[in-house]
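Trainee: I should be grateful for a close look at one part of this structure, namely the packing of its helices. Please explain it step by step, in one connected account.

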Amino acid sequence: MAPAPPRAAAISALGLRKSYGGRTVLDGVDLRVPEGTVFALLGPDGAGKTTTVRILSTLTAADEGEAQIAGHDLAREPADVREAIGVTGQLPAVDRLLTAEENLLFMADLHHLPRAEGRRRAADLLRRFALGSAASSPAGTFPDGMRRRLDFAMTLVGAPRVLFLDEPTTGLDPLSRRTVWEAVRGLVAEDGVTVFLTTQYPEEADQLADHIAVLDRGRVVAEGGPEELRRRVPGGHIRLQFADTEALDSAAALFGAVVSDPEQLTLQVPSDGGFQILRAVLDVLDDAGLRAEALTVYTPGLDDVFAALTGQPAPRSSSQPSPRPVARQPADSRQESA
Ligand SMILES: Nc1ncnc2c1ncn2[C@@H]1O[C@H](COP(=O)(O)OP(=O)(O)OP(=O)(O)O)[C@@H](O)[C@H]1O
């Protein structure tokens, strides 16, 4: 079967540059985001993430470079670009005197939706963002996380094809964060929306993004899928545990340059996380008639990738993210008996 043709780009940018008062904030950023995918721009504070979003959403002009959004040229057709996109945090924000439902209906009026269609969209968004129980309360009484969810929902009333989310979950409580993540997944899977999000949390990029670009001091220093990025940094290993010192020492002699821990009776064999090396390690043990009691494969997490690429520790969200499938865990520890 012929491979699927590459998806058209919903966002493409070439050579974006921006300086403020002689200080370079974006230093030649190239990006390509295929339609119907989630792209994460991951980077520490001040890397230039918000500036990138502001440029791509027509709020700020780049000094140099060009971009196309949803088939429209950013510089020549800004009104068409604005028509196709949604941006979180953009005005009009939540009106605190109106209820959640009224805020959504107000947005529907701004987008000239017919009454019935507006009501249908408002009801759908209240459900998607777990705001149903608060539909009739004034938004001024909402806790922060709930108000941010409503703000996000309001961006969606106009059914944008391309959505920019600038740090959508920074400072959010775990329920609000999960709700936002689920909403993003639903928008992509059910509506084919393209999502461009910025985040300082590696786990958020890992959870949501098909493709991640790491931005540091105005430059994209690495990009790829989450797995691809993990393989870029050293530190992956296979950890073997033995029943006694004799087996441990025999295995250590076989593998050469390994870290041995006599107290735990473990060895760490360097690994790129691939299947080949795992098989080779098991073959070496087998051939020598040695048996490991336990085997753990450790691949570096995106936190390690972030730290290696930016020279800064990855910021942690205020709470633990929801558990993910084992196959995608960053600090992957798959237990297998050997
Ligand atoms: N309007 C402006 N005038 C002057 N400097 C600015 C302006 N906007 C951004 N900057 C500077 O540009 C740099 C990048 O800012 P930007 O907000 O794009 O970073 P960021 O990656 O989004 O970080 P943060 O998470 O802190 O928002 C920062 O040093 C910031 O102070």
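**Helix packing**

Mentor: Helix α5 (residues 144-155) and helix α6 (residues 174-191) have axes that come within 9 Å and cross at roughly 15 degrees. Angles under 35 degrees count as roughly parallel, so α5 is roughly parallel to α6. Please keep in mind that the model is a predicted one. The crossing of these two helices, α5 and α6, is right-handed. On the α5 side, the contact is made by Gly145, Met146, Arg148, Arg149 and Phe152, while α6 contributes Leu175, Ser176, Thr179, Val180 and Ala183. Sorted by class, this contact of α5 with α6 holds five nonpolar, three polar and two charged residues.

Helix α5 also packs against another partner, α3, at an angle of about 25 degrees, and the axes of α3 and α5 are 9 Å apart. The angle makes α3 roughly parallel to α5. Here too the handedness can be stated: α3 passes α5 in a right-handed crossing. The residues that make the contact are Ala100, Asn103, Leu104 and Met107 of α3, together with Leu150, Ala153 and Met154 of α5. By class, the contact of α3 with α5 consists of six nonpolar residues and one polar residue, with no charged residues.

Let us now follow α3 to its contact with α4. Helix α3 (residues 100-110) packs with helix α4 (residues 115-128) at an angle of about 135 degrees, and 9 Å separate their axes. The two helices, α3 and α4, are therefore oblique to each other. Their crossing, that of α3 and α4, is right-handed. From α3, the residues Ala100, Glu101, Leu104, Leu105, Ala108 and Asp109 meet Gly118, Arg121, Ala122, Leu125 and Leu126 in α4. This contact of α3 with α4 divides into seven nonpolar residues, one polar residue and three charged residues.

It is instructive to follow single residues through these lists. Ala100 and Leu104 of α3 appear in the contact with α5, and Ala100 and Leu104 also appear in the contact with α4. Within α5, Met146 and Phe152 are among the residues that contact α6, whereas Leu150 and Met154 are among those that contact α3.

To place these helices in the chain, consider the domain division: the protein chain is divided into domain 1 (9-228) and domain 2 (237-336). The centres of domain 1 and domain 2, taken over C-alpha atoms, are separated by 37 Å.

How values were computed:
Residues are numbered from 1 along each chain as its sequence is written. This is a predicted model: local features need pLDDT of at least 70, side-chain atom pairs count only at pLDDT 80 or more; totals for chains, interfaces and linings use all residues. Axes are lines fitted to C-alpha atoms, for helices over the stretch in contact, and angles run from 0 to 180 degrees between N-to-C directions. Helices (H or I, at least four residues) and strands (E, at least two) are DSSP runs, numbered from the N terminus. Angles under 35 degrees count as roughly parallel, over 145 as roughly antiparallel, 65 to 115 as roughly perpendicular and the rest as oblique. A crossing is left-handed if the near helix is turned anticlockwise from the far one by less than a right angle, and right-handed if clockwise. Two residues are in contact if their C-beta atoms, placed from the backbone, lie within 7 Å. Ala, Val, Leu, Ile, Met, Phe, Trp, Tyr, Cys and Pro count as nonpolar, Asp, Glu, Lys and Arg as charged, and the others, Gly among them, as polar. Domain bounds come from an automatic or database domain assignment.
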